[in-house]
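Here's a quick tour of one helix and its neighbours. Have a look at the fold, then read on.

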Amino acid sequence: MSRPTVRVLTLLELLQSGGVRTVAELADRLGVDGRTVRRYVDQLIDLDVPVEAVRGRYGGYRLAPGYRLPPLMLSDDEALAVLLGLVAGRRGGLTTADTASETAAAKIRRVLPERLARRLDTVLESLAFTASPGQFAIPDAEVLLTVADAARHRRPLSIRYTDRDGRRSERPLHAYGIVSHSGRWYVTGTDPEIGEDRTFRLDRIVAARTLPGSFEAPAGLDPAQRVLSGFATAEYRYAVTLRIHGTVDQIRARLPASVASVEEIAPTARVDPGIERWLRVELRAETLDWLPPVLASLDRQFVIERPDELRNLVITLADRLASGARQA
């Protein structure tokens with residue numbers, strides 16, 4: 001490949017990285033003068049690559065939105081990053097179709113230079129995961145894009161939803177954001193008809209359409225924290241209340257925000273978070289058998305306020321551990 005051709009392709013790669021590139025910057029990166037840069041730009045335009053000239057003190061060139069996608073150019077590190085990201089995303093549920101990540105990876109893999117393809121194969125053959133791939137429910141791509149656009153531009157939605165019991169409904173939603181958690185996609189927001197906060201699984205939304213109008217999101221909104229708090233307070237069979245003597249970090253190591261809420265029993269000003277104190281922990285659970293071992297692993301003083309069933313399970317576990325320790 002001739003040097004001018006290499007420079008034209010390098011120019012395209014620089015423009016694809018985004019933003020406005022000045023003539024001086026491009027000339028320096030390509031090792032040519034400004035007149036040659038303009039000639040290379042003309043060659044890209046002749047190839048129907050939508051290069052746009054920007055006038056003014058900080059003017060230069062940028063890629064303009066066009067009906068044709070310019071050739072995608074990736075460096076070695078970028079190609080490896082994309083392919084490894086596809087592998088990790090597929091295992092973590094971050095995909096919108098059963099085969100989308102596989103076909104995308106195959107397309108990139110097919111056009112890789114042999115040297116880079118061998119490097120990638122070496123990485124994939126030596127890569128091991130500590131957890132097996134999960135089987136995740138995948139959201140519809142059109143639903144995902146519609147909900148994301150509505151959340152960003154604060155536009156009301158109408159969604160058709162199927163709950164975990166198979167009941168179908170159509171309802172309005174003011175979507176605040178999309179959250180990926182443990183291999184699933186969620187949208188959190190407010191139902192304006194009843195004025196309540198709601199969180200929905202995206203894979204259970206059959207269809208979504210944007211409605212006229214707009215809305216204001218609450219100040220200081222954190223969609224991820226809203227989803228985690230919703231998990232911790234969801235309606236399950238048992239409501240558990242504990243008092244645990246320790247620090248928030250010690251408790252969170254075993255009972256994360258998606259499982260339990262933690263608050264001070266008697267809040268005071270300027271409490272050092274590293275100082276151990278009595279904290280109230282509340283959570284909801286469908287079963288309780290997993291909780292006694294978790295409390296034991298905390299190795300902190302605790303008091304069970306409710307339910308009585310949990311007290312009995314903890315006593316049973318303590319007796320079993322004591323019996324095992326006394327055996328010769």
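Helix α6 (residues 114-126; helices are DSSP runs of H or I, at least four residues, numbered from the N terminus) has 13 residues and reaches 18 Å from first C-alpha to last, close to the 18 Å expected at 1.5 Å a residue. That expected span is 1.5 Å times one less than the number of residues. Keep in mind that this is a predicted model, where local features need pLDDT of at least 70, side-chain atom pairs count only at pLDDT 80 or more, and totals for chains, interfaces and linings use all residues. Residues are numbered from 1 along each chain as its sequence is written, and side-chain values use heavy atoms, with hydrogens and water left out.

Here is how α6 and α5 divide up, with buried meaning under 20% relative accessible area and exposed over 50% (1.4 Å probe, protein chains only).

| Helix | Buried | Exposed, other side |
|---|---|---|
| α6 | L116, A117, L120 | E114, T122, E125, S126 |
| α5 | S101, A105, I108 | K107, R110, V111 |

The buried residues of α6 pack against α4 (76-91) and α5 (100-111), contact meaning heavy atoms within 4.5 Å. Those of α5 pack against α4 as well.

So what does α4 bring to α6? D76, A79, L80, L83, L84 and V87 in α4 meet R115, L116, R119, L120, V123 and L124 in α6. By class, that contact has nine nonpolar, no polar and three charged residues.

Key
Helix = DSSP H or I, 4+ residues; strand = E, 2+ residues; numbered from the N terminus. Nonpolar A, V, L, I, M, F, W, Y, C, P; charged D, E, K, R; others polar.
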